[in-house]
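Morning, everyone. Please pull up the structure, and we'll go through it together.

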Amino acid sequence: MDKNSLNKFFEGMDEKTAHKEILELVGEYCDRYHNTDKDKPYVEGNRIPYAGRVYDHDEMINLVDSALEFWLTMGRYTREFEKKFSEYEDVRFTSVVNSGSSANLLAFMALTSPLLGERAIKRGDEVITVAAGFPTTVTPILNYGAVPVFVDVTLPQYNIDVTKLESALSEKTKAVMIAHTLGNPFDLQAVSAFCKKHNLWLVEDNCDALGSKVLIDGVWRKTGSVGDIGTSSFYPPHHMTMGEGGAVYTNNPLLNKIIRSIRDWGRDCICESGQDNRCTHRFDGQYGELPKGYDHKYVYSHFGYNLGISDMQAAVGVAQLNKFPHFVERRKENWDILTRELESVSDKIMLPKSLKDSDPSWFGYCMTLENGIDREKVLRYIEDHGVQTRLLFAGNLTKQPCFDHVRGNDSVYRISGSLENTDRIMTDTFWVGVYPGMTADRLEYMARVIKEAVNR
């Protein structure tokens, strides 16, 4: 469209009408040029990714709507997302952040706040976790100078072995921080009871399990809402996306205050961007050793960061959240298809299982090879036939190069008991996707290729 045509298009329109016309065109553009092959039959050999974005014109319209508003930083879409996400998770408070890794950083750092008194995590204190997972569940612990204590996991659930919790406990233990692996909830009832018994914080890394549920005392609860703090990721491969993004959520008002402070530069002020003097005491407080009346907008009660998102990201998240219940059901259906198709090779592959009284929102389909089958050969065959595979993240995190300079140093990290199953995962485990964009013919092809690979 040249300049003259553009001028003619807008001629006689006020801004509100022009805005509406642009969004209608955006919707038509998306329908015409995006997702045009989603319903086409699968052609063997075409790449099947382990994950992908699932969206339509709703996300694109919201994105452009926010762009035309040009607020850019956290604004009305952010407030809407935080409210709706809290309602979905059945929690009181949600704070969006720029990634799931930042969510874990923020969740952990909140527990170091002096406002928590004797329960605050200090350097040298211990946090029980697992080595079979993603590193950013553990990185904040190490970077702060607390000590992760690694315990083994169970197979084929790939989650913390709760029978080993008591032996991992010490007088320095302050928290448990673990993930629900690939959407499969860990034994939340047992872990929560252990934490309550010993007055420990519980952080649920829910980045791979949004939408999963567990039955606790006869009530179905969303994962992420049972512990003191939950975290989520909205990176494109995850259960829903806003591009980059994440969330930290809690039912505890004090923790929420700390989380918001550390997310927003460590400031003490609760005014939103562009807002002044919400507390009506902006210039009459006494803080630390600052002069009396120091501007409260520049008072910092924590050593913080800037971990917020753009309102355009939140706009995408709002549209995704509306679709989210359907995403969860599709993931379950896709997982069931793979289970049926792979049952015939269950002597060669340990198929995944969930715990009783849990309802997983599966992130991936995890498998462990049996009878000494060579994983490298299996993965090469599967990948060569167009199916994308992934390992279970770090395998055994303590074997990774990032531990080379601290290996065996008990003042940096500690291993409680053996990590036998963790090491097995490191050598024999892999997974494939079940994201909502999968179709039955793709899943059946994936299963056929996996069966061929292990039967060779």
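Let's begin with a question: is lysine 297 buried or exposed? Keep in mind that this is a predicted model. Lysine 297 counts as buried, because its relative accessibility is 17% and the cut-off for buried is under 20%.

Where is it in the chain? Lysine 297 sits in the loop that runs between helix H9 (253–263) and helix H10 (311–342).

Now its surroundings. Leaving out residues up to four places away in sequence, lysine 297 touches Arg267, Cys269, Cys271, Gln275, Asp276 and Arg282. Two of these deserve a closer look. A polar atom of the lysine 297 side chain lies 3.0 Å from the backbone oxygen of glutamine 275. With aspartate 276, the polar contact is side chain to side chain, at 3.4 Å.

On to the sheet. It is open, has 8 strands and shows mixed pairing. Read across, the order is E1-E9-E8-E5-E4-E2-E3-E13. Strand E1 (93–97) and strand E13 (414–415) are at the edges; each has a single partner strand, so one side of each has no neighbour in the sheet.

Further in, strand E4 (residues 173–179) and strand E5 (residues 201–205) run parallel, joined by 5 bridges. Which residue of E5 is the bridge partner of isoleucine 178? Glutamate 204.

Two helices to finish. Helix H4 (residues 76–89) packs on the sheet and touches E1, strand E8 (229–233) and strand E9 (246–250). Its direction makes about 130 degrees with that of E1. Helix H8 (residues 188–197) also packs on the sheet, touching strand E2 (126–130), E4 and E5. The direction of H8 makes about 150 degrees with that of E5.

Terms used: Residues numbered from 1 in each chain as written. Predicted model: local features only at pLDDT ≥ 70, side-chain atom pairs only at ≥ 80, totals over all residues. Heavy atoms only, no water. Pairing = 2+ DSSP bridges. Helix = DSSP H or I, 4+ residues; strand = E, 2+ residues; numbered from the N terminus. Contact = heavy atoms within 4.5 Å. Axes fitted to C-alpha atoms, helices over the stretch in contact; angles between N-to-C directions. Buried < 20%, exposed > 50% of the residue type's maximum accessible area, 1.4 Å probe, protein only. Polar contact = N/O pair within 3.5 Å; in protein donor to acceptor, adjacent residues only side chain to side chain.
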